[in-house]
Amino acid sequence: MRSTTLTQTADTAQIETLFADFMAAWTANDAEAFGALFTDDSDYVSYDGTIARGRAQHQHNHDKLFRGVLAGSALIGDLESVRYLTPDVAVVYGTASVLMPWRSTLPKRRLSRQTIVVVRTEAGWKIGAIHNGRVRPVTVPEPDAFPSKMSQLMARIAHRLGLGRR
């Protein structure tokens, strides 16, 4: 048990470094260093839901971004947690936001949460998949709240009229 704990502690430190390197490569606007953090067959889902596949595509896309609309930007954030699925695969949660060069503080509406799958490779821990989504919390309405009652009413009306899913 002790050796597993020591191994996970060392692995967690390496994963924390990977997350820090992710932000540092972005902040340096270094697409090559950014791309090197990913596995060859990795997936990258952006905040808008688009998906890019493979390290080469991530590097290409970020090269265009770093030389274009995100030139001079910094990635500021925190690692929230690391959860091991197996000794060689972990899910990492972090929050981060892009700080544009003309801003001195991060706008709250730009905060994103990253769900990152990291995998152990011969070259160390790498990003196998990342999903970046905006943090825009909404409350879940109670079943008897107005939005719920309206949805239930609309469903009954649609059903009576023969509309929608049957």
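In strand S6, Ile127 is the bridge partner of Phe38. This pair belongs to the parallel pairing of strand S1 (residues 38-45) with strand S6 (residues 124-134), which extends over four bridges. Two strands are taken to pair if DSSP finds at least two bridges between them; helices (H or I, at least four residues) and strands (E, at least two) are DSSP runs, numbered from the N terminus. The model described here is predicted, so to speak of a local feature requires pLDDT of at least 70, side-chain atom pairs count only at pLDDT 80 or more, and totals for chains, interfaces and linings use all residues. Residues are numbered from 1 along each chain as its sequence is written, and side-chain values use heavy atoms, with hydrogens and water left out.

The wider setting of S1 and S6 is an open sheet of six strands with mixed pairing, ordered S2-S1-S6-S5-S4-S3. Strand S2 (51-53) and strand S3 (74-86) are its edge strands, each pairing on one side only. From one strand to the next, the twist averages 15°; axes are lines fitted to C-alpha atoms, for helices over the stretch in contact, and angles run from 0 to 180 degrees between N-to-C directions.

Moving to the S3 end of the order, a hairpin joins S3 to S4 through two residues. These two strands pair in the antiparallel sense over eleven bridges, and Gly77 has Ala96 of S4 as its bridge partner. S4 also pairs with strand S5 (residues 112-121), again in the antiparallel sense, over eight bridges; here Gly94 is matched with Gln114 of S5. Strand S4 (residues 89-99) is largely enclosed by the rest of the structure, because nine of its eleven residues are buried. Buried means under 20% relative accessible area, exposed over 50%, and partly exposed in between (1.4 Å probe, protein chains only).

Helix H3 (residues 55-67) lies across S1 and S2 and runs at about 55° to S1, contact being defined as heavy atoms within 4.5 Å. Its 13 residues reach 18 Å from the first C-alpha to the last, close to the 18 Å expected at 1.5 Å a residue; the expected span is 1.5 Å times one less than the number of residues. Which residues of H3 are buried? They are His58, His62 and Phe66. These cover an arc of only 60° around the axis, which puts them on the same side of H3; the arc is that of the directions from the helix axis to the C-beta atoms. On the other side of H3, Ala56 and Arg67 are exposed.
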